[in-house]
Amino acid sequence: MTSSGSKTPGIDNITWTNPEQRMKAIELLGKFTKNPNTYKSSPLKRIMIHKTNSTEFRPLEIPTMFDRAVQAVYLLAVDPVVETNSDKNSFGLRKFRSQHDAIAYLRSILDKKVSPNYILEADLFKCLDKISHKFLLQNTPICHKHVLNQ
């Protein structure tokens, strides 16, 4: 089964499939960026998808194309700041980092005469489900937090 992924419309059923629609979207995004206080996100479209290797379903919430574009703009602004301030030895769910980088780092510190005696391996089951959004909003160095909150 193939996924239409980024082509899946949100609650407004709008997709940007031709150059004219994309240009109109760029104009709307330009207007938004000049006055972000006008932004109000649309409701999410909820569909149920099969869990991998299971008979169970899980909810998937799909934003509108415009809301995805707004999220992309804010990611471009926030991501460099977050990466600059993040722990240099953190590898999970980080852009341009992989398990191979973590292994290389561990090898580099364990190859020394004075190296740690223990390694803690932990599976933080559903940790992203439990992260405090309030904390993230308070500690994200960006204005227009109301946009991120939506």
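How much space lies in the largest pocket? I began there, keeping in mind that this is a predicted model, and I noted about 1300 Å³ for the largest pocket.

**Entry on the largest pocket.** I went through its lining and found 32 residues, among which Val78, Val82, Leu136, Thr140 and Leu148 are the closest to the centre of the pocket. I then asked which elements give two or more residues to this lining, and the list came out as H2, helix H5 (133–138) and helix H6 (145–149). Of these, H2 gives the most, with 9 residues. Sorting the lining by residue character, I wrote down 16 nonpolar, 11 polar and 5 charged residues.

**Entry on the second largest pocket.** I looked up the next pocket for comparison and noted a volume of about 570 Å³. Its lining holds 13 residues, and those nearest the centre are Gly92, Leu120, Glu121, Ala122 and Leu124. Here I recorded 10 nonpolar residues, 2 polar ones and 1 charged one in the lining.

**Entry on the nonpolar core.** I turned next to the largest nonpolar core, which I found to be made up of 9 residues: Leu29, Phe32, Tyr39, Ala69, Val70, Tyr74, Val78, Ile142 and Val147. The elements that give two or more residues to this core are H1 and H2, and the largest share, 4 residues, comes from H2. I added a general remark beside this, that nonpolar side chains tend to be buried together in soluble globular proteins. Val78 drew my attention twice, since this residue belongs to the core and is also listed among the residues closest to the centre of the largest pocket.

**Entry on Ile142.** Which residues is Ile142 in contact with, leaving aside its neighbours within four places in sequence? I found Tyr74, Ala77, Val78 and Leu148; of these, Tyr74 and Val78 are listed with Ile142 in the largest nonpolar core.

**Entry on the aromatic residues.** I counted 5 aromatic pairs in the structure. The one I looked at is formed by Phe32 and Tyr74, a tilted pair with 6.2 Å from centre to centre and 50° between the planes. Why does this pair tie together parts that are 42 residues apart in sequence? Phe32 lies in helix H1 (residues 19–34), whereas Tyr74 lies in helix H2 (residues 65–85), so the pair links parts separated by that many residues. I checked the exposure of the two residues as well, and both Phe32 and Tyr74 are buried. Finally, I noted that Phe32 and Tyr74 belong to one aromatic cluster together with Tyr39 and Phe66.

Methods. Residues numbered from 1 in each chain as written. Predicted model: local features only at pLDDT ≥ 70, side-chain atom pairs only at ≥ 80, totals over all residues. Heavy atoms only, no water. Phe/Tyr/Trp six-rings, centres within 6.5 Å; stacked < 30°, edge-to-face > 60°. Buried < 20%, exposed > 50% of the residue type's maximum accessible area, 1.4 Å probe, protein only. 1 Å grid on protein atoms, 1.4 Å probe; cavity = no way out; pocket = protein on both sides within 12 Å on 5 of 7 lines; lining within 4 Å. Points joined across faces, edges and corners; volume = space filled by probe spheres on them. Nonpolar A, V, L, I, M, F, W, Y, C, P; charged D, E, K, R; others polar. Core = buried A, V, L, I, M, F, W, Y, C linked by side-chain atoms within 4.5 Å. Contact = heavy atoms within 4.5 Å.
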